[in-house]
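Please open the model in your viewer, set it to show side chains as sticks, and keep a distance tool at hand. The stops below say what to select next and what is to be found there.

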Amino acid sequence: MNKKTILVVEDEDRMITLMQEALEDWNSANTANGRCFKAIPVNSIAGAAEAIYDMRVDCAIVDLRLPTGQVGKQTSPEAGNTLATDLILKKGMPVAVVSGYPAEMDKHLTSLPINRFDKADDGYEHALNWLGEQWTLMEALRVWTH
């Protein structure tokens, strides 16, 4: 079985649950072709940094509005945009942005291996399908980065 690891950065537990259900469905539908995703869910940018340091990650699903850690400012799309940029440019992986506010994705990201999806429109299902389409890219990046 050819497995790819997805870093999932989402601060809402109910969204993590929805993503895991979508992941189970995707894996069931793709078992015959030998492909499987394994998710590593984290709820903060600090958690994402730790996961990237500790394990091999092939791609990511990132929420835009993530906690900033600042008092009086709960979430910020800048946090998710910065993380998405870093994951693509510094770690060399495709990123699916799944957000309730997909229009807040920075415009400069559209020329990179990234796509955005709306949480309200089966975003996780669409994101997983898109990441599945990036399988060959992930294979090439894995060889190139090692």
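**First stop: aspartate 63**

Select aspartate 63 and lysine 119: the side chain of aspartate 63 makes a polar contact with the side chain of lysine 119, at 3.4 Å (a polar contact is a pair of N or O atoms within 3.5 Å, where within protein one must be able to donate a hydrogen and the other to accept it, and residues adjacent in sequence count only if both atoms are side-chain atoms). This is a predicted model, in which local features need pLDDT of at least 70 and side-chain atom pairs count only at pLDDT 80 or more, while totals for chains, interfaces and linings use all residues. Residues are numbered from 1 along each chain as its sequence is written, and side-chain values use heavy atoms, with hydrogens and water left out.

Aspartate 63 is placed in the loop between S3 and strand S4 (66-67); helices (H or I, at least four residues) and strands (E, at least two) are DSSP runs, numbered from the N terminus. Is aspartate 63 buried or exposed? With a relative accessibility of 3%, aspartate 63 counts as buried, where buried means under 20% relative accessible area, exposed over 50%, and partly exposed in between (1.4 Å probe, protein chains only). Now extend the selection to its surroundings: leaving aside residues up to four places away in sequence, aspartate 63 touches Val9, Glu10, Asp11, Gly80, Val98, Ser99 and Lys119, contact being heavy atoms within 4.5 Å.

**Second stop: strand S3 and its partners**

Step back along the chain to strand S3 (residues 59-62), where Cys59 and Ile61 point one way, Ala60 and Val62 point the other way, and all are buried. In a regular strand the side chains alternate between the two faces of the sheet.

Add strand S1 (residues 2-9), which pairs with S3 in the parallel sense over 4 bridges; two strands pair if DSSP finds at least two bridges between them. Here valine 9 stands opposite valine 62 of S3. Then add strand S6 (residues 95-99), which also pairs with S3 in the parallel sense, over 3 bridges, and in S6 the bridge partner of valine 62 is valine 97.

**Third stop: the nonpolar cores**

Select Leu7, Val9, Val62, Leu87, Val95 and Ile114, the residues with the most contacts inside the largest nonpolar core, which has 23 residues (a nonpolar core is a set of buried Ala, Val, Leu, Ile, Met, Phe, Trp, Tyr and Cys residues joined through side-chain atoms within 4.5 Å). At least two residues of this core come from each of S1, strand S2 (35-42), helix H2 (45-54), S3, helix H3 (77-89) and S6. Which element gives the most to this core? It is H3, with 5 residues.

Apart from this core lies another, of 21 residues, among them Val8, Met19, Trp130 and Leu131. Centre next on isoleucine 114, which touches Ala84, Ile88, Val95, Val97, Met105, Leu109 and Trp130, not counting residues up to four places away in sequence.

**Fourth stop: the cysteines**

How many disulfides does a search of the whole structure find? It finds 0, a disulfide being a pair of cysteine sulfur atoms within 2.5 Å. Cysteine 36 is in no disulfide, and the nearest cysteine sulfur, that of cysteine 59, is 12 Å away. Cysteine 36 is buried, with a relative accessible area of 16%, and cysteine 59 is buried too, at 0%.

**Fifth stop: aspartate 122 and leucine 141**

Go to aspartate 122, in the loop between strand S7 (114-118) and helix H4 (123-133), and check its backbone: phi is near 50°, a positive value in a residue other than glycine. Most residues other than glycine have a negative phi. Aspartate 122 is partly exposed, with a relative accessible area of 46%.

Leucine 141, in helix H5 (residues 135-144), is buried at 19% relative accessible area. Its C-alpha atom is separated by 7.4 Å from that of methionine 93, although the two residues are 48 apart along the chain. Beyond residues up to four places away in sequence, leucine 141 touches Arg56, Gly92, Met93 and Pro94.

**Last stop: the whole chain**

Zoom out to the whole chain, whose secondary structure comes to 5 helices and 7 strands. Of its 146 residues, 45% count as buried.
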